[in-house]
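Me: I keep seeing words like "buried" and "core" used for protein models. Could you take me through one and show where each word comes from?

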Amino acid sequence: MRKDGELAADPGPTGPWSLIVPLKPLPLAKSRLAEAVGPLVRPRLALAFAQDTVAAALRCPAVRDVVVVTDDPLAAAALGALGARVVPDAPAAGLNAALAHGADVVRARRPAAPVAALSADLPALRPEELHRVLVRAGQFPRAFLADAAEIGTTLLSAAPGAELRPAFGGASRHRHLSSGAAEILLTGVDSVRRDVDTGEDLRAARELGVGPRTAEWWPADAPEPA
């Protein structure tokens with residue numbers, strides 16, 4: 001696992017974007033999913049979602065690196081093993097503070113880096129769809145992609161010289177619009193919009209085709225989530 005401040009021996013992807021992926025401690029993550037999958041499977045699925053998200057993001061040719069902001073040691077080890085750079089949630093002040101901290105960590109090393117916050121719960125993420133979104137995002141100082149419900153946000157970007165200014169949580173689509181960020185309007189990028197908070201979301205992600213780690217914990221022949 002790479003720790004903050006360490007350089008990878010293998011430079012990995014060579015795209016311009018640094019992605020910031022926040023993850024709560026696993027015992028607290030995806031609390032709304034517990035009713036659908038049970039309290040024991042829920043934290044395992046939360047980690048699986050993040051693993052499939054990070055693995056897909058690192059295969060995207062537009063991505064240079066992925067920075068995971070988390071204080072969970074199990075998640076840090078698992079996501080670091082995939083090639084993510086793991087930094088602690090130093091602010092410990094909620095989601096948006098964690099994202100701003102991640103962007104600061106990236107730009108302390110690469111001041112001109114384009115950065116994007118990406119939800120950790122995109123288990124069906126396709127690298128080619130993420131690539132299309134990031135190419136479009138690069139046309140604006142700040143831009144965002146709404147979630148499948150068109151209420152929240154799954155990706156928020158900031159070009160070199162622009163602050164990220166994240167406003168995730170709840171009706172964040174409206175807040176990001178109000179902050180001046182351009183909305184990315186693309187078809188055929190469903191996997192980048194399909195975050196998972198509920199059993200219904202999990203069913204929709206499974207229809208798109210989830211990654212191998214999510215499939216391990218919730219295979220196609222498993223009972224439908226409640």
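**Words and the values behind them**

Reply: Let's begin with Pro22, which counts as buried at 14% relative accessibility. Keep in mind that this is a predicted model.

Me: Why is Pro22 called buried?

Reply: Buried means under 20% relative accessible area. Pro22 has 14%, so it counts as buried. Its place is in strand E2.

Me: What is Pro22 in contact with, leaving aside its neighbours within four places in sequence?

Reply: Pro22 is in contact with Val69, Leu95, Leu99, Leu118 and Ala120, once neighbours within four places in sequence are left aside. Take Ala120: it is 98 residues from Pro22 along the chain, yet their C-alpha atoms are separated by 6.3 Å.

Me: Is Ser119 buried or exposed, and how do you know?

Reply: Buried. Ser119 has 12% relative accessibility and the cut-off is under 20%, so the word fits. Ser119 lies in the loop between strand E5 (115-118) and helix H5 (127-137). Leaving aside neighbours within four places in sequence, Ser119 is in contact with Thr53, Thr153 and Thr154.

Me: Which word fits Pro88, and what makes it fit?

Reply: Partly exposed. Buried stops at 20% and exposed starts over 50%, so the 44% of Pro88 falls in between. Pro88 is found in the loop between E4 and H4. Its contacts, not counting neighbours within four places in sequence, are Val69, Thr70, Asp71 and His101. As for Ile151, 63 residues away along the chain, its C-alpha atom is separated from that of Pro88 by 29 Å.

Me: And Ala92: buried or exposed?

Reply: Exposed, because its relative accessibility is 57% and the word needs over 50%. Ala92 is also in the loop between strand E4 (85-87) and H4.

Me: What is said about the phi of Ala92?

Reply: Phi is about 50° there, a positive value, although Ala92 is not a glycine. Most residues other than glycine have a negative phi. Lys30 is another case, with phi near 55°. Lys30 is found in the loop between E2 and helix H1 (34-37), and at 18% relative accessibility it counts as buried.

Me: How do you know that H2 is largely enclosed by the rest of the structure?

Reply: Count the buried residues: 16 of the 18 in H2 are buried, so H2 is largely enclosed by the rest of the structure.

Me: What span should H2 have, and how far apart are its ends?

Reply: At 1.5 Å a residue, the 18 residues of H2 should span 26 Å. The end C-alpha atoms are 26 Å apart, so the two values agree.

Me: What makes a group of residues a nonpolar core?

Reply: The residues have to be buried, be of the nonpolar kinds allowed, and be joined through side-chain atoms within 4.5 Å. The largest such core here has 39 residues, and those with the most contacts inside it are Leu19, Val66, Leu118, Leu130, Leu134 and Leu155. Elements that give two or more residues to this core include strand E2 (17-22), H2, strand E3 (63-69) and helix H3 (73-82). H2 brings the largest share, 7 residues. Apart from this core lies another, of 20 residues, among them Val106, Ala146, Leu156 and Ala181.

Me: What does Val66 touch, not counting residues up to four places away in sequence?

Reply: Val66 touches Leu19, Val21, Val54, Ala57, Leu58, Ala84 and Arg85 on that count.

Me: Why does Val105 count as buried?

Reply: Val105 has a relative accessible area of 10%, which is under 20%, so it is buried. Val105 lies in helix H4. Val67 is 38 residues away along the chain, and the two C-alpha atoms are separated by 8.7 Å.

Me: What volume does the largest pocket have, and which residues are closest to its centre?

Reply: The volume is about 1,000 Å³. Of the 39 residues that line the largest pocket, Lys24, Lys30, Leu95, Asp121 and Asp197 are the closest to its centre. H4 gives the most to the lining, with 3 residues.

Me: How does that lining divide by class?

Reply: The lining of the largest pocket has 18 nonpolar, 10 polar and 11 charged residues.

Methods:
Residues numbered from 1 in each chain as written. Predicted model: local features only at pLDDT ≥ 70, side-chain atom pairs only at ≥ 80, totals over all residues. Heavy atoms only, no water. Helix = DSSP H or I, 4+ residues; strand = E, 2+ residues; numbered from the N terminus. Buried < 20%, exposed > 50% of the residue type's maximum accessible area, 1.4 Å probe, protein only. Contact = heavy atoms within 4.5 Å. 1 Å grid on protein atoms, 1.4 Å probe; cavity = no way out; pocket = protein on both sides within 12 Å on 5 of 7 lines; lining within 4 Å. Points joined across faces, edges and corners; volume = space filled by probe spheres on them. Nonpolar A, V, L, I, M, F, W, Y, C, P; charged D, E, K, R; others polar. Expected span 1.5 Å × (residues − 1).
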